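User: I'm new to this structure and would love a close look at one part of it. Could you walk me through the long helix and what surrounds it?

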Amino acid sequence: MASGSSLPEEDLTCPVCCDIFSDPVLLECSHSFCKACLQQCWEEKGSQECPVCRGKSSMKSPPRNLALRNLCDAFLEQIIQRAAAGSAGLCTLHGEKFKLFCLEDEEPICVVCQTSEKHENHKLRPVQEAALKYKEKLQSALRPLQKKLKVFNKLKLKRDQAAELIKRQAKHTEREIKEEFEKLHQFLQQEEAAMMTALKEEEEQKVRAMKDKIENITRDISCLKNKIRAIEQEMKADDVSFLQSCRNAMSRAQCKLEDPEELTPESNVNVAKHLGNLKYRVWEKMLGIVHYSEY
């Protein structure tokens, strides 16, 4: 049967579903397929390749073949028009009712058509008999399609259920991930707070110790200043007075104060203690809250 565009029906048939194209798309290799058929093939194979030539496709969404879709629409419209014309039951050439069916040309004809050269020596059957025979054939041909439809419906139901399961699993897993990271965040915040507290305590302790040493040195400096000032005043007196107090001045000039201690590394913040292997130490503690589980 030819379409209005004179193309044979096989040129308007999808190679996957073997039916007239529905929403055809075009691949780089020039082969066309129903959009739904191509997507199903790609999902089943797990790769984007042409079902006919196996060529790889770089397009996730191939463009629609509008020209082919228009041809298919015209072809289906022609079938509908022919069916409507045939339903009148009258021969368009002779105006007679269709009472016979030509087995050679597979078309209903009238009693005048059977005498024409076109149907000469053709096998003919009454319309009712031919219709019954072809209905039986078509019914037999329908059975595999009906069985396949049941299979496809079951598969669709399973896939619908699988899709819902995937959504539930993803939602549950997302909640679990958030809970696990919340535990890790809480642990890290606690560790950070503990380390900051330890650092603050060491800072306060060493600052207090340093303040005590500063106060002691301040007192010693004040004492030395007073001695120096007193001795300098005595040195300004007249010679007799100076000589009379010289012995006492010499005694006061003897410094009995010990030199202050030099600063040592221990006086400073123990940076290595706080920062050394920090990540490793935290990771070791983290092992205590991490439990291996195999899903």
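**A close look at α3**

Analyst: Happy to! A good place to start is the record: an unreviewed UniProt entry annotates residues 163–234 as a "coiled-coil region". Please keep in mind that what you see is a predicted model. In this model, the stretch 163–234 is 100% helix and 0% strand, and its end C-alpha atoms are 104 Å apart. The helix to follow here is α3, which spans residues 127–235.

Let's turn to the strands beside α3. This helix lies across β3 and β5, and α3 runs at about 95° to β5. Both strands belong to an open sheet of three strands, arranged in the order β4-β3-β5 with antiparallel pairing. At the edges sit β4 (107–109) and β5 (124–126), each of which pairs on one side only. On average, neighbouring strands of this sheet are turned by 35° against each other, ignoring direction. If you zoom in on β3 (residues 100–102), you will find three bridges joining this strand to β4 in the antiparallel sense. For one pair to look for, take F101, whose bridge partner in β4 is P108.

Now for the pocket. The largest pocket has a volume of about 760 Å³, and 17 residues line it. Seven of these residues come from α3, the largest share of the lining. Another contributor is α1 (35–45); α1 and α3 each supply at least two lining residues. Nearest the centre of the pocket lie C17, C18, D19, L145 and K148. Sorted by class, the lining has 13 nonpolar residues, two polar and two charged.

One more annotation helps to place the pocket. The unreviewed UniProt entry also lists a "domain: RING-type" over residues 14–54. That span is 27% helix and 15% strand, and its end C-alpha atoms lie 16 Å apart.

To put the picture together: α3 lies across two strands, β3 and β5, and also gives the largest share of the lining of the largest pocket.

Conventions:
Residues numbered from 1 in each chain as written. Predicted model: local features only at pLDDT ≥ 70, side-chain atom pairs only at ≥ 80, totals over all residues. Heavy atoms only, no water. UniProt positions renumbered as here; feature names shortened; annotations may be inferred. Helix = DSSP H or I, 4+ residues; strand = E, 2+ residues; numbered from the N terminus. 1 Å grid on protein atoms, 1.4 Å probe; cavity = no way out; pocket = protein on both sides within 12 Å on 5 of 7 lines; lining within 4 Å. Points joined across faces, edges and corners; volume = space filled by probe spheres on them. Nonpolar A, V, L, I, M, F, W, Y, C, P; charged D, E, K, R; others polar. Pairing = 2+ DSSP bridges. Axes fitted to C-alpha atoms, helices over the stretch in contact; angles between N-to-C directions. Contact = heavy atoms within 4.5 Å.
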